[in-house]
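Trainee: I've just opened this one and don't know where to look. Can you walk me through it?
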Amino acid sequence: MEYSICIRTLGTAGDKYIKLLDSIKNLTIQPKEVLIVIPHGYKVPSYSIGIEKIVRSDKGMLLQRIVGYEEASSEYVLLLDDDVEFEPGLIEKLSKPILENKADITFPIYPELLPPGGIRSTISAFTLGAVPRKEDDYFVKILPSGGYSYNKNLDKTDKYLYSESAPGMCVFAKTSILKNIKLRNEMWVEIPGYALRDDTILVYKAVLQGYKSIGVRNIHINHLDAGSSESNRSLKAAYANGFNHVLFWKRFVKSNSNKFKERAIANLSIFHWAISNFIYLSIKLIVSRDIELFKSSIKGILDGFKYISNENSFKYLNENGVRING
């Protein structure tokens with residue numbers, strides 16, 4: 001099977017990037033090419049396994065991902081972040097559901113990215129951001145609030161699980177499908193300078209267009225989380241978390257609610273999400289005294305609603321591109 005690997009990076013992941021390339025070197029099915037997508041002006045990492053091709057791009061998490069698979073010359077593509085390591089049999093396990101015509105997109109199920117339980121899980125459920133769900137044939141489902149529900153009984157099943165979202169650190173797909181879903185129309189996700197929800201957009205947009213996504217259990221993979229060295233990273237993330245949530249809800253939930261009841265539920269759900277987040281953030285402010293984080297979070301939510309109040313906002317972005325901050 002012929003496939004390409006596309007890695008988005010800023011070249012700052014250090015030892016984590018080395019572990020990623022070593023994992024690629026040990027794959028039992030080797031790629032046709034390894035494309036390293038790095039922004040103009042950023043230094044290419046010195047460590048190499050000798051098969052990489054450097055692709056320059058403007059900076060942007062989603063944009064670098066798009067440029068990667070647009071440059072790929074294989075039928076299939078493995079999209080990777082620059083801070084993961086995995087087992088040699090990764091490709092066999094991820095490609096199997098696709099070769100069996102059960103899916104068009106696959107990914108490793110990585111429970112560590114779900115709410116960890118306890119008070120954090122309770123808060124996520126209260127705000128309708130992430131709600132646990134009884135065991136069924138799905139890993140993640142998108143909620144009318146723009147949040148998601150997740151299968152809380154993963155340890156009880158070894159079967160494939162369909163999903164409406166995926167962790168963006170590792171996604172395997174047919175290259176033609178990624179090109180077909182036209183992610184360049186979703187560059188709004190880069191507006192805050194921190195492209196939160198880009199992984200959900202990739203998978204959910206494909207699902208809405210009739211493609212199938214499957215999460216595969218029992219794949220050994222570690223997310224090493226290189227993160228960013230920016231001093232204001234937490235403030236950018238707080239702003240983007242609210243702003244992009246509201247835009248995602250408008251773009252993919254409200255816009256696809258065709259019946260009156262669906263629209264009413266969507267509107268009530270996002271209202272609950274906004275109010276419950278305000279309550280949570282206010283309590284968090286009292287405890288932490290972090291006024292800047294509070295202001296960034298609230299501003300992101302308010303700016304998101306302000307943005308979607310203009311019916312032509314998304315149309316303008318599609319026609320004129322997006323000015324990215326930071």
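Mentor: Sure, let's begin with a sheet. Eight strands make up an open sheet with mixed pairing, in the order β3-β2-β1-β4-β11-β6-β12-β10. Keep in mind that this is a predicted model.

Trainee: Okay, which are the edge strands?

Mentor: Those are β3 (52-57) and β10 (161-162), and each of them pairs on one side only.

Trainee: And β11, how does it pair with β4?

Mentor: β4 and β11 run antiparallel to each other, joined over five bridges. One spot to click on is Leu-79, whose bridge partner in β11 is Val-171.

Trainee: What about β6 and β11? How many bridges there?

Mentor: Two bridges, and the pairing is again in the antiparallel sense. Look for Ile-105, which has Ala-173 as its bridge partner in β11.

Trainee: Then β6 and β12: parallel or antiparallel?

Mentor: Parallel. Strand β6 (residues 105-108) and strand β12 (residues 213-216) pair over four bridges. In that part of the sheet, Phe-107 stands opposite Gly-215 in β12.

Trainee: Which strands does helix α3 lie across?

Mentor: Helix α3 (residues 90-99) lies across β1 (3-8), β4, β6, β11 and β12, and runs at about 40° to β11.

Trainee: So is β11 mostly covered or mostly open?

Mentor: Mostly covered: of its five residues, four are buried.

Trainee: Let's switch to rings. How many aromatic pairs does the structure hold?

Mentor: Eleven. One of them is Tyr-76 with Phe-172, a stacked pair at 5.8 Å centre to centre with 10° between the planes.

Trainee: Why does that pair tie together parts that are 96 residues apart in sequence?

Mentor: Because Tyr-76 lies in strand β4 (residues 76-80) while Phe-172 lies in strand β11 (residues 170-174). As for burial, Tyr-76 is buried with a relative accessible area of 9%, and Phe-172 is buried too, at 0%.

Trainee: Give me another pair to look at.

Mentor: Try Phe-278 and Phe-294, which form a tilted pair, 6.4 Å centre to centre and 55° between the planes. Phe-278 is in helix α8 (residues 260-288) and Phe-294 in helix α9 (residues 291-308), so this pair ties together parts 16 residues apart in sequence.

Trainee: Is Phe-278 buried or partly exposed?

Mentor: Partly exposed, with a relative accessible area of 44%. Phe-294, on the other hand, counts as buried at 17% relative accessibility, because buried means under 20%.

Trainee: Going back to Tyr-76 and Phe-172, which residue joins them in a cluster?

Mentor: Tyr-3. Ring pairs link Tyr-3, Tyr-76 and Phe-172 into a cluster.

Trainee: Where do charged ends sit over rings?

Mentor: One place is Tyr-138, where the charged end of Lys-141 sits over the ring, 5.0 Å from its centre. Another is Phe-248: the charged end of Arg-197 sits over that ring, 4.3 Å from the centre.

Trainee: What's in the largest nonpolar core?

Mentor: It has 57 residues, and the ones with the most contacts inside it are Leu-79, Phe-139, Leu-183, Trp-188, Leu-202 and Phe-248. Helix α7 (residues 233-253) supplies the largest share of this core, eight residues. Apart from that core lies another, of 30 residues, among them Tyr-3, Ile-5, Tyr-17 and Val-216.

Trainee: Leu-79 again! What is Leu-79 in contact with?

Mentor: Leaving aside neighbours within four places in sequence, Leu-79 is in contact with Cys-6, Arg-65, Tyr-69, Gly-168, Met-169, Cys-170, Val-171, Leu-178 and Leu-202.

Trainee: Last topic. What's the order of the open sheet of three strands?

Mentor: The order is β7-β9-β8, and the pairing is mixed. β7 (130-133) and β8 (140-142) stand at the edges with a single partner strand each, so one side of each has no neighbour in the sheet. From one strand to the next, the twist averages 25°.

Trainee: How many bridges join β8 to β9?

Mentor: Three, and β8 runs antiparallel to strand β9 (residues 148-151). Lys-141 stands opposite Ser-149 in β9. Helix α4 (residues 118-126) packs on this sheet, where it touches β7 and β9, and its direction makes about 105° with that of β7.

Terms used
Residues are numbered from 1 along each chain as its sequence is written. This is a predicted model: local features need pLDDT of at least 70, side-chain atom pairs count only at pLDDT 80 or more; totals for chains, interfaces and linings use all residues. Side-chain values use heavy atoms; hydrogens and water are left out. Rings of Phe, Tyr and Trp (its six-membered ring) pair if their centres lie within 6.5 Å; planes under 30 degrees apart count as stacked, over 60 as edge-to-face and the rest as tilted. Buried means under 20% relative accessible area, exposed over 50%, partly exposed in between (1.4 Å probe, protein chains only). A charge sits over a ring if NZ of Lys or CZ of Arg is within 6 Å of the ring centre and within 35 degrees of the ring normal. A nonpolar core is a set of buried Ala, Val, Leu, Ile, Met, Phe, Trp, Tyr and Cys residues joined through side-chain atoms within 4.5 Å. Contact means heavy atoms within 4.5 Å. Two strands pair if DSSP finds at least two bridges between them. Axes are lines fitted to C-alpha atoms, for helices over the stretch in contact, and angles run from 0 to 180 degrees between N-to-C directions.
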